[in-house]
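Grab a pencil and open the viewer. Try each exercise yourself before you read its solution.

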Amino acid sequence: MQQQHVPVSAHSNREKQHRMTATICSIILQGLGQLYNRQWIKGIVLLLLEGAGLAYLLPRLSHAVWGIWTLGENTQRFVKVNGSTVLQKGDHSIFLLLDGIIVLLVFFLFVLVYMLNIRDAYMTGLAREQGKPTLGAAATMRNLMDRNFPYLFLSIPALGVLFFTIMPILFTVTIAFTNYSAPDHIPPAKLVDWVGFKTFTDLIQLKSWSQTFYGVLTWTVIWAVLATVTTYFGGVLVALLIEQQGIRFKKLWRTIFILPYAIPQIISLLLMRNLFNGQFGPINTYMRAFGLEGLPWLTDPFWAKVTVIVVNMWIGIPVSMVLILGVLTAIPRDLYEAAEVDGASAFQKFRIITMPFILFATTPVLIMQFAGNFNNFNVIFLLTNGNPLRGDYQYAGATDLLVTWLYKLTLDNNKFNMASAVGIIIFLIIASFSIWNFRRSKSFKEEDMIQ
């Protein structure tokens, strides 16, 4: 008998039958590919998910896109109906923007599940062509709880991050490109419009705003550097003094210096605010008792800045001290003994051994401390409230940081678009600085400390 040969192209097409059919079915209707692959429960669940998604999106998606695009068309106004005046509700631009962002995020999740459904149908069809058994409901659950359990467990907080972190960030970013501010653009009485980068250009170029922005930004950078350096190296100094050989009652000294950290920060700051009160504060009272004039600790721009730096040292040095104490106990004593044999002085041992170890272990924390001080709302707001006020600043005082200025713009003056622009600038500065320094640090690169 003459052997019949099947064309290679026909053979390969038959090999692709299951995967192509399942893929096409899953494209037509979510879950249909799984039903073709005899995964009945998975297919039904995906079908129900698609039905729920379509039921939510179909009546809302077009309105959401319209709301984001237009931010509303009708304002709230009074109209006469049958001889009586009635308040006619209008479009609320901010609600339209927020609802639109939420609907688009749900649409993103819907599309993501739809794409995963297609991929799952394709991979299952491929497995069938290779002669592998199709996973039933029980086997699918075991696989989900075993191999894919991390994805299942992480998907729940990921949804929380999407709607409680990413969604507010997107909302804040979009507000910066609108004219949402009092008194002219507060809905529902008045609509909000898209203005592009006008808010940013006003913040940087318009003198009434740029003077405040550059002034507050300069002080914010100075404050972040001084607050980080003083607390970090103050903590290093205190830790080294406590760990010096011959120092008695080490536990007592650690306890004393940790007390400012153990006391809630809000209590310490409010107490310090009373202590540094220019008229009735104990510090000025004692100075006057010795014949000295009291200082305007919180009312003079220069002395107010000095005060916040000193108070920040009081509450920040204990944190660095505890961190450094842990690093010092991890340094091998053999290194110091070898340095002493070589005749190294105490300063040389500190410069060559102690400080490199401390920097290697604490560089990421140091970077985070700088970022935290850049946005240190509590110290400034609770101690000085950003005061003393400056007449040449827009809604800001001499000690205001960008973050406290943002607070005043938002809650006190309803300049929401300007506050959003400031928030974006803060994020760009902190993110750029942190990423750049993390990537340059030896801790990030996992290099040897001694090269």
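**Exercises around one helix**

Just after α18, N414 takes a positive phi of about 60°. Helices here are DSSP runs (H or I, at least four residues), numbered from the N terminus, and strands are E runs of at least two. The model is predicted, so local features need pLDDT of at least 70 and side-chain atom pairs count only at pLDDT 80 or more, while totals for chains, interfaces and linings use all residues. Residues are numbered from 1 along each chain as its sequence is written, and side-chain values use heavy atoms, with hydrogens and water left out.

**Exercise 1.** Find the buried residues of helix α18 and what covers them.

*Solution.* Start with the cut-offs: buried means under 20% relative accessible area, exposed over 50%, partly exposed in between (1.4 Å probe, protein chains only). Now go along residues 402-412: the buried ones are L402, V403, T404, W405, K408 and L409. Next, look at the cover, which includes α9, α10, α16, α17 and α19.

**Exercise 2.** Which residues does L409 contact, leaving aside its neighbours within four places in sequence?

*Solution.* Contact means heavy atoms within 4.5 Å. With that rule, you get W209, Y395, N414, K415, M418, A419 and V422.

**Exercise 3.** Work out which elements build the largest nonpolar core.

*Solution.* A nonpolar core is a set of buried Ala, Val, Leu, Ile, Met, Phe, Trp, Tyr and Cys residues joined through side-chain atoms within 4.5 Å. Of the 24 residues in the largest one, L203, F213, F374, L402, W405, L409 and V422 touch the most other members. The elements giving two or more residues are α9, α10, α16, α18 and α19. The largest share, 8 residues, comes from α19. Don't mix this up with a second, separate core of 19 residues, which includes V403.

**Exercise 4.** Why does the pair of W209 and W405 count as stacked, edge-to-face or tilted?

*Solution.* Rings of Phe, Tyr and Trp (its six-membered ring) pair if their centres lie within 6.5 Å; planes under 30 degrees apart count as stacked, over 60 as edge-to-face and the rest as tilted. The structure holds 18 aromatic pairs. For W209 and W405, the centres are 6.2 Å apart and the planes sit at 40°, so the pair is tilted. The two come from distant parts of the chain: W209 is in α10 and W405 in α18, 196 residues apart. To finish, check burial: W209 has a relative accessible area of 11%, so it's buried, and W405 is buried at 0%.
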